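Visitor: I should like to go through this model and ask, for each label, what justifies it.
Guide: Please begin once the sequence and structure are in view.

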Amino acid sequence: MFGKFIWLEWKSFFRSASLGKSLGLKIFMIFLALYFSAMFLFFGIALYPMLKEFYPEADPLQVVNRFALIYFVLELVFRFMLQTLPVLDIKPLMTFPIRKRKVVNFVLLKSLYSFYNILPLFLIIPFGVFCIVKGGYGYLNMLGWMLGVYSITLCVNFINFIIKKRFTENLKALIPLVIGAGVLALLDYLEIFQITAYFGELLQLIVQNPYLGFIPLILVIFLFKWNQLNLEGKFYLDAHLKGRNKKANTREFGWTRKFGSIAPFLQQDLKLIWRNKRPKTTIYLSFIFLAYGLIFYPNDTYQEMPAFFVFVGIFITGIFMINFGQFVPSWDASYYPMIMAQNISMRQYLASKMGLITFSVVVLAILSTPYVYFGWNILLLNIACALYNMGVNIPVLLYAGSFNKKRIDLDKSPFMNYQGTGASQWLVGLPLLLIPIFFFWILNKFINYEIAVGFLAGLGIMGLVLRPSLLTFLVRRYRKRKYVMIQGFKEKGE
Amino acid sequence: MITATNLSKVYNGTRVLNIEHLDIPPGQNFGLVGNNGAGKTTFFSLLLDLIQPTTGNIFNKDITVSESEEWKPFTSSFIDESFLIGYLTPEEYFYFIGELRNRNKADIDSFLTQFEDLFNGEIIGRKKYLRDLSKGNQKKVGIVAALIGDPEVVILDEPFANLDPTTQIRLKKLLKELSKTGTTVLISSHDLIHVTEVCERIVVLDKGDIVKDIETSEATLNELEDYFSREILE
């Protein structure tokens with residue numbers, strides 16, 4: 001039966017509409033995996049000698065045990081954000097004579113083969129071997145330790161499974177957990193209740209009595225069973241349908257009326273952003289990246305390189321532009337045929353997208369004004385960067401967008417989600433940032449700062465003045481690509 | 001109103017549509033019938049400039065659809081759920097379409113009152129997004145939205161599929177009334193009874209070719225049934 005499931009997955013991968021892209025992505029991921037394996041292996045080998053060097057009087061194993069809990073917590077956080085849980089499309093299988101438990105077991109066992117479970121081995125095994133060879137620990141003791149620690153890693157795997165299943169729908173429910181963890185961390189830091197030390201002692205206990213290494217393994221089996229029951233309980237279509245009937249949010253965005261003929265589209269786009277997971281995240285990201293300047297402005301190393309501040313300025317004022325704009329018109333993929341057949345001219349459609357992004361640049365530029373604290377020249381540069389974004393980068397992005405023909409599922413979270421990304425998306429980010437940096441660098445080096453800032457602002461204003469003709473050009477481009485887009489947006493799947 | 005000349009569409013060497021000449025006069029209730037793969041949706045997609053013809057042209061009120069967007073203001077359509085915006089509520093969707101067709105909120109509200117029966121209390125004021133409605137209710141929304149703004153041409157692909165019997169009967173009445181106001185209505189259907197009841201003219205497509213072009217009369221239903229069962233009888 002498991003063979004059949006694997007066969008199904010194989011077919012779904014190789015017959016998906018965007019095989020070329022998924023394959024390219026997989027190869028890229030394999031390279032990443034190799035890179036991380038090498039890094040972990042290197043670290044695993046170097047860990048023992050390094051600890052010996054930094055803490056000559058301490059026993060490396062004890063140091064490691066002491067930090068183990070922190071490592072596991074970090075692992076859980078990373079897994080939560082990055083690890084995609086194996087999914088199997090259960091709907092077509094539900095009515096077939098296949099036992100539920102088989103399907104559930106398949107999903108759970110498949111998660112064990114995840115790369116995230118192999119990676120820790122590169123750390124644990126070399127370190128364990130070092131402890132036996134150099135640290136004088138008995139091999140049985142270290143085998144017990146390795147078994148124990150690796151079992152805990154697998155526990156993290158299944159705990160992540162449970163957390164994800166339970167909380168992805170409702171991230172707010174995680175807050176108490178996060179607060180709890182924070183309190184424990186604080187107590188530990190203040191040396192009131194040193195949970196990491198106690199955890200370290202438990203691991204130490206395993207080293208002394210290697211048979212105790214089976215306890216975490218039993219815990220793994222227990223968590224496996226828990227997951228099994230959990231998933232079996234969800235093996236109904238209800239579980240998918242339930243909760244979907246959330247009350248619709250009917251915010252009106254009435255203020256958009258002021259923008260005249262593009263108002264309905266603007267309203268439309270705001271609803272798009274507000275009501276769907278993926279575009280909504282671009283908003284949060286924009287606010288997070290606003291703080292980006294704090295890393296660069298106070299740092300002395302960058303003071304001699306103002307070209308770096310161009311990068312920051314373009315980034316801060318244009319983060320929404322980059323995140324949202326590069327997927328125009330893929331955001332509208334699921335109803336693109338309607339947009340094309342309705343009484344909407346291509347010009348209006350593009351003008352509204354431009355309007356929305358321009359608006360975001362203005363807002364972010366205003367929000368970035370407190371950076372004047374770091375000097376007037378930074379404020380001026382940021383304004384110049386905002387102008388450059390509005391005048392030059394927005395048309396460039398929309399032009400790049402005309403190469404889009406991949407659908408985006410609005411409801412998926414953007415973390416490690418490459419849906420809708422093609423080679424052009426990876427490339428488009430570069431000229432947006434590099435060209436202004438290059439101009440600025442040249443002018444700043446050979447003339448002066450003010451001229452360089454003025455030049456960027458000038459380019460931006462020129463772009464704004466020329467916008468109508470740029471729009472005409474873009475409209476022609478989009479009309480030409482229309483059929484390819486409609487065709488491409490129809491293809492669902494990975 | 002609508003003229004297709006020399007129209008053909010080829011996919012990977014297979015000709016899926018081949019219409020030498022088709023003329024649909026204004027105000028006609030026009031029905032397109034054919035088995036799966038006959039080219040019905042292809043024809044509608046060409047008419048809406050969603051795909052490009054391999055040869056020939058379609059003119060909508062003398063406008064070449066693949067060259068100008070001028071046909072959009074007086075043409076509306078519902079082909080499939082890709083014409084709906086899933087994250088809007090039905091009201092918002094109607095208002096949005098209304099704005100595209102120069103109808104304000106009040107216009108839309110009064111327009112919608114005539115469909116209260118059709119909606120059966122399941123669509124307006126339920127605070128549900130379109131993506132959470134059932135297939136049948138989604139279809140109702142799409143069809144009604146296609147009637148907003150008094151379009152001169154209405155194109156509906158398979159309007160009867162997925163609808164409950166009561167709604168099918170209501171829709172038939174609605175479509176008949178629509179053609180009385182001079183609107184050109186193009187529909188496709190697999191249901192021969194519905195299509196003969198609603199349409200004044202029925203064109204049968206087979207693998208992309210027009211094989212029959214009938215003015216609907218009492219005998220039409222039998223003629224169509226004979227045509228479609230010819231292979232089974234042999």
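Visitor: Which residue in β2(B) is the bridge partner of Tyr11(B)?
Guide: The partner of Tyr11(B) is Thr14(B). As a caution, the model is a predicted one.

Visitor: How do you know that β1 and β2 of chain B pair?
Guide: Pairing requires at least two bridges between the strands. Strand β1 (residues 2-11) and strand β2 (residues 14-24) of chain B are joined by 9 bridges and run antiparallel, so the two count as paired under the requirement of at least two bridges. They form a hairpin with 2 residues between them, and Asn12(B), in the turn, has a positive phi of about 45°.

Visitor: What makes β4 of chain B a partner of β1(B)?
Guide: Strand β4 (residues 55-60) of chain B shares 5 bridges with β1(B), in the antiparallel sense. The threshold is at least two bridges, and therefore this too is a pair. Within it, Ala4(B) has Ile58(B) as its bridge partner.

Visitor: Why is Asp49(B) called buried?
Guide: Asp49(B) has 25 other C-beta atoms within 10 Å. The label applies at 20 or more, so Asp49(B) is buried. This residue is found in the loop between α1 (40-47) and β4 of chain B.

Visitor: Why, then, is Asn102(B) called exposed?
Guide: The count for Asn102(B) is 10 other C-beta atoms within 10 Å. A residue is exposed at 12 or fewer, so that label applies to Asn102(B). Its place is the loop between α2 and α3 (105-113) of chain B.

Visitor: What is notable about the phi values of these two loop residues?
Guide: Most residues other than glycine have a negative phi. Asp49(B), however, has a positive phi near 60°, and Asn102(B) has a positive phi near 55°.

Visitor: Which peptide bond in chain A is cis?
Guide: The bond from Val328(A) to Pro329(A) is cis, with omega near 0°. Pro329(A) is in the loop between α14 and α15 (336-341) of chain A.

Visitor: How does the span of α14 in chain A compare with the expected one?
Guide: Helix α14 (residues 306-325) of chain A has 20 residues and reaches 27 Å from its first C-alpha to its last, close to the 28 Å expected. There is nevertheless a kink of about 70° in α14(A), centred on Gly318(A).

Visitor: What makes α14(A) mostly covered?
Guide: Of its 20 residues, 15 are buried.

Visitor: Why is Ala307(A), in α14 of chain A, called partly exposed?
Guide: Ala307(A) has 19 C-beta neighbours inside 10 Å. Burial needs 20 or more and exposure 12 or fewer, so Ala307(A) falls in between and is partly exposed. Leaving aside neighbours within four places in sequence, Ala307(A) is in contact with Ile437(A), Phe440(A), Trp441(A) and Asn444(A).

Visitor: How do you know that Gly148(A) is buried?
Guide: Gly148(A) has 25 other C-beta atoms within 10 Å, and the cut-off is 20 or more, so the label buried follows. Gly148(A) lies in helix α6 (residues 139-167) of chain A. Beyond four places in sequence, its contacts are Leu203(A), Ile206(A), Gly213(A) and Pro216(A).

Visitor: What share of the contacts in chain A with a separation of 6 or more joins residues 24 or more positions apart?
Guide: That share is 81%. The secondary structure of chain A comes to 20 helices and 0 strands, and buried residues make up 31% of its 494 residues.

Visitor: Which residues touch the most other members of the largest nonpolar core?
Guide: In this core of 129 residues they are Leu47(B), Tyr93(B) and Ala145(B). The largest share, 13 residues, comes from helix α17 (residues 376-401) of chain A. Apart from this core lies another, of 27 residues, among them Leu108(A) and Phe130(A).

Visitor: How many residues of each chain are in contact across the two chains?
Guide: There are 26 residues of chain B in contact with 24 residues of chain A. On the side of chain B, helix α2 (residues 90-100) of chain B gives the largest share, 4 residues. By class, that side has 14 nonpolar, 5 polar and 7 charged residues.

Terms used. Residues numbered from 1 in each chain as written. Chains lettered and ligands numbered in written order. Predicted model: local features only at pLDDT ≥ 70, side-chain atom pairs only at ≥ 80, totals over all residues. Expected span 1.5 Å × (residues − 1). Bend = angle between axes of the 7 residues up to and from the residue. Core = buried A, V, L, I, M, F, W, Y, C linked by C-beta atoms within 7 Å. Contact = placed C-beta atoms within 7 Å. Nonpolar A, V, L, I, M, F, W, Y, C, P; charged D, E, K, R; others polar.
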